[in-house]
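Got your viewer open? Let's take a walk through this structure, one selection at a time.

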Amino acid sequence: MAPFIANTWKLHTLIVLVAIACLCFGVKGQLMPSFYDNVCPQALPTIKAIVQSAVYNEPRMGASLLRMHFHDCFVHGCDASILLDQTPAINSEKFAAPNNNSIRGFEVIDRIKAEVDRVCGSPVVSCADILAVTARDSVVALGGPWWNVPLGRRDSTDAYQSLANSAIPSPFMELSALINSFNDQGLDIIDLVALSGAHTIGFAQCRVFRSRIYNDTNIDSSFANSLQQNCARSAGRTDSNLAPLDPTSARFDTMYYNNLVNQKGLLHSDQALFGGGSTEELVKTYNSDYQAFWRQFAKSMVKMGNIKPLTGYDGQIRTNCRRVN
Ligand code: HEM
Ligand SMILES: *[C@@H]1O[C@H](CO)[C@@H](O)[C@H](O)[C@H]1NC(C)=O
Ligand SMILES: *[C@@H]1O[C@H](CO)[C@@H](O)[C@H](O)[C@H]1NC(C)=O
């Protein structure tokens, strides 16, 4: 009887110790929404307040911040590598082709980081987590769905400019290339169609939709005509003129999908989702059922946010998101 009791006691001790280890240090590689609940309960409300005021001042900022998280996650995982400035040692992703003169919102992230570190009393919240929460709060601020953001990411100590050039999908891609690009990140066609719905908010520059409005045939002709007024055929002065990605560019609605059904996708890559391929049915579903879109968008954002995070003792918690410590 005695050895049995001793063994049972040992087993219970082991279970308790494992449970404590999991609670204190987190399961290795596993993000969780409650990560900052004890160490800094004010972190998330602080992020939300600053995002709300930034989006109130300029609705497009919500779109820009959402996109920043996407361009972070597709390059070496969600590790805030996109935020590092150029130095002799760092080849900044900010100058990669998909980001140069295009990605914006860095000042808002700086403001959030400074304020979060102030209310927390020390730099405990990573820049990578700030990007993930900021993306969610931006969607909410523009009338979209809320979801729980798993947290506990750490920040990279390097940037990956050439990877940014190859891993971020291009607006000139066909469906098969888009599918491959997302597959490389562990994302499927459901994620591709749902996450592309992010183009229900924000703007694009003439230089990325010029060939679409002058050369594509799968485009509504009056839609193409009206865009041509503000985007000249030849490269130059109008290159950075903006057009909304969908007509309600400050509302997180289903108009993006409605446009695709009507051959009014702004980017070649947008319209590729509705051209008789494997994604066409999903576009129709999200066009007619905003709840289905919202539910899947939230799920796919969590999935994208889980791309190769640094956790545990990997990476660092940056003090300044623009520099390694
Ligand atoms: C499917 C492949 C995708 C391609 C090819 C693509 C491409 C682009 C391009 C070219 C722009 C315009 C940039 C400019 O003209 O400066 C843009 C804007 C934007 N993208 Fe995407 N994108 C894709 C997926 C996504 C995803 C997955 C998200 C987020 C979950 C996203 C969020 C946005 C937002 C919100 C904007 C507007 C940004 C602003 O107004 O500042 N995109 N995208
Ligand atoms: C980024 O854009 C600037 C113009 O604003 C240009 O001078 C520079 O060459 C571009 N950088 C790269 C790496 O393409
Ligand atoms: C349209 O296509 C032609 C032929 O491929 C090309 O030479 C031209 O530069 C394209 N124009 C635009 C605006 O993309």
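Before we start: helices here are DSSP runs of H or I with at least four residues, strands are DSSP runs of E with at least two, and both are numbered from the N terminus. Also keep in mind that this is a predicted model.

**Stop 1: the whole chain.** Colour residues 43-168 as domain 1 and residues 175-301 as domain 2. The C-alpha centres of these two domains lie 23 Å apart. Where they touch, domain 1 puts in 19 residues and domain 2 puts in 18 residues.

**Stop 2: the iron.** Now select ligand 1 and find its iron atom. Which protein residue is the donor here? Pick H199: its NE2 atom, at 2.1 Å, is the only protein donor of that iron. Follow the backbone on either side and you'll see that H199 sits in a loop, with helix 8 (189-196) before it and strand 1 (203-205) after it.

**Stop 3: the rest of ligand 1.** Show everything around ligand 1 and you get 26 residues. The closest are R60, S64, S102, H199 and Q205. Try clicking through some polar contacts:

- S64 has a polar side-chain atom 2.7 Å from an oxygen atom of ligand 1.
- S102 does this too, with a polar side-chain atom 2.6 Å from an oxygen atom of the ligand.
- F203 joins in through its backbone: a polar atom there is 2.9 Å from an oxygen atom of ligand 1.

**Stop 4: ligand 2.** Hop over to ligand 2 and show its surroundings: F95, N100 and N101. How far is a polar side-chain atom of N100 from an oxygen atom of ligand 2? Your distance tool should give 2.4 Å. For N101, look for an N or O atom in the side chain that is 2.8 Å from an oxygen atom of ligand 2. On its own, ligand 2 exposes 360 Å², and the protein buries 33% of that.

**Stop 5: ligand 3.** Last selection! Around ligand 3 you'll find R210, S211, Y214, N215 and R233. Colour that shell by class and you get 1 nonpolar, 2 polar and 2 charged residues. Zoom in on N215, where a polar side-chain atom lies 2.2 Å from an oxygen atom of ligand 3. Taken alone, ligand 3 exposes 360 Å², of which the protein buries 38%.

Methods:
Residues numbered from 1 in each chain as written. Chains lettered and ligands numbered in written order. Predicted model: local features only at pLDDT ≥ 70, side-chain atom pairs only at ≥ 80, totals over all residues. Heavy atoms only, no water. Near = heavy atom within 4 Å. Polar contact = N/O pair within 3.5 Å; in protein donor to acceptor, adjacent residues only side chain to side chain. Areas by Shrake-Rupley, 256 points an atom, 1.4 Å probe, with all protein chains shown as cover. Nonpolar A, V, L, I, M, F, W, Y, C, P; charged D, E, K, R; others polar. Donors = N, O, S within 2.8 Å, 3.2 Å for Na, K, Ca; no water. Domains from an automatic or database assignment. Contact = heavy atoms within 4.5 Å.
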